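Me: I should like to learn how to read several local features of a protein model. Please take them one at a time, with the general idea ahead of the case.

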Amino acid sequence: MRAITASDREAGVGGLALTELPHPHAAENDVVVRVHAAGFTPGELTWPATWTDRAGHDRAPSVPGHELSGVVTELGYGTTGLTVGQRVFGFADWARDGSLAEYTAVEARNLAPLPADLDHTVAAALPISGLTAWQGLFDHAGLATGQTVLVHGAAGGVGSLAVQLAREAGARVVGTGRARDRDLVLGLGADAYVDLAADQWEEPVDVVFDVLGGEVLARSAALVRPGGTLVTIAEPPTVWPEHGRAVFFVVEPDRVRLAELAQRVRDGRLKPLVGEVRPLAEAAEAFSQRRRGPGKTIIRVATD
């Protein structure tokens, strides 16, 4: 099968190549999925799990990409809840070969059934971004109706879904990002928008949801009102709210929540932002692209 492999940690995106790999097989509680569409995180080539397995052994060349949508082709021993031929979407384990391949083996618990009326390209933009947005807002920050949330990177894959979910929950939403994304984010339901290059937000908020890290994250601690929460997925914070909490987390698989997010998409209550759609042969170029537009870049793997 064809797959994108990462072979040289020092080379970064320069070490990505389209290669031939053996067809994967399903271990216990696994399924093999024929990948139709896949998503990736630009920074994942710096993650330790991209290069070593859970036992600390080197696993290069590895297959990057973790979000996927496709069709089950094989069941492992003991696998329940899914069937061969079923459409599914979800995300692959961090320390195993990922989704930028024609086939990949995934723990069944990481996948949810994909309704027939949802396109694979849209579904591949939903698993990590959707679960991250949900878990950050509600599981970690406890966002409630009437509260105010500041969402950094509001036009990105995670941020755009966080804006929509927070708005549906009855929160007041302030989005941040580039000036060019103002109309897009306001169109998603944000009540206000802050151009990070030219403006500053000084009003206290109940929740800050950060996907950017660095100086933006450090400045945000002072914006959290007493009892509020600063949530980030970018890096562990070095500055904490004076009378609030700071949480850094990594998204967890959740089949039930994935199904609920898919239903929101079907109902028109949630719209994943799909950016560029590229073929598998251009995945390495997509990784190296420095200037990205709104939404999530998706790799179309299967051509049928």
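Me: In this predicted model, where does proline 61 lie, and what kind of peptide bond joins alanine 60 and proline 61?

Reply: In general, most residues other than glycine have a negative phi, and most peptide bonds are trans. Here, proline 61 belongs to the loop between β3 (30-39) and β4 (67-75). The bond that links alanine 60 to proline 61 is cis, with omega about 0 degrees.

Me: What is the phi of asparagine 29, and where is the place of this residue?

Reply: The general expectation for phi is a negative value in most residues other than glycine. Asparagine 29 has a positive phi, near 65 degrees. It is placed in the loop between β2 and β3. With a relative accessibility of 38%, asparagine 29 counts as partly exposed. A glycine can be set beside it: glycine 142, just after α2, has a positive phi of about 60 degrees.

Me: How should accessibility be read for residues in strands, and is valine 208 buried or exposed?

Reply: A residue is called buried when its relative accessible area is under 20%, and exposed when it is over 50%. Valine 208, in strand β11 (residues 205-210), has a relative accessible area of 0% and is therefore buried. Beyond its neighbours within four places in sequence, valine 208 is in contact with Leu150, His152, Ser220, Val224, Thr229, Leu230 and Val231. Alanine 17, in strand β2 (residues 16-20), has a relative accessible area of 31%, so this residue is partly exposed. Leaving aside neighbours within four places in sequence, the contacts of alanine 17 are Ala3, Ile4 and Thr5.

Me: How many residues of α2 are buried?

Reply: The same cut-off, under 20%, applies to each residue of a helix. In α2, twelve of the 14 residues are buried, so the helix is largely enclosed by the rest of the structure. Among them are Ile128, Leu131, Trp134, Leu137 and Phe138.

Me: At what angle do the axes of α2 and α6 cross, and which residues meet there?

Reply: Crossing angles of 65 to 115 degrees count as roughly perpendicular. The axes of α2 and helix α6 (residues 255-267) come within 10 Å and cross at roughly 100 degrees. The two helices are therefore roughly perpendicular. On the α2 side, Pro127, Gly130, Leu131 and Trp134 meet Arg257, Leu258, Leu261 and Arg264 of α6. By class, the residues of this contact are five nonpolar, one polar and two charged.

Me: How is empty space found, and how much of it lies in the largest pocket?

Reply: Rolling a probe the size of a water molecule over the atoms shows where empty space is left. The largest pocket holds about 1,300 Å³. Its lining comprises 44 residues, of which Thr41, Pro42, Val158, Val211 and Ile233 are the closest to the centre. Elements that give two or more residues to this lining include α2 (127-140), α3 (157-168) and β9 (172-177). By class, the lining holds 19 nonpolar, 16 polar and nine charged residues.

Me: Which helix gives the largest share of the lining of the second largest pocket?

Reply: That share, three residues, comes from helix α5 (residues 214-220). The second largest pocket has about 150 Å³ of space. Its lining includes Leu150, His152 and Ser220, residues that are also in contact with valine 208. The lining residues divide into six nonpolar, four polar and two charged.

How values were computed:
Residues numbered from 1 in each chain as written. Predicted model: local features only at pLDDT ≥ 70, side-chain atom pairs only at ≥ 80, totals over all residues. Heavy atoms only, no water. 1 Å grid on protein atoms, 1.4 Å probe; cavity = no way out; pocket = protein on both sides within 12 Å on 5 of 7 lines; lining within 4 Å. Points joined across faces, edges and corners; volume = space filled by probe spheres on them. Helix = DSSP H or I, 4+ residues; strand = E, 2+ residues; numbered from the N terminus. Nonpolar A, V, L, I, M, F, W, Y, C, P; charged D, E, K, R; others polar. Axes fitted to C-alpha atoms, helices over the stretch in contact; angles between N-to-C directions. Parallel < 35°, antiparallel > 145°, perpendicular 65-115°, else oblique. Contact = heavy atoms within 4.5 Å. Buried < 20%, exposed > 50% of the residue type's maximum accessible area, 1.4 Å probe, protein only.
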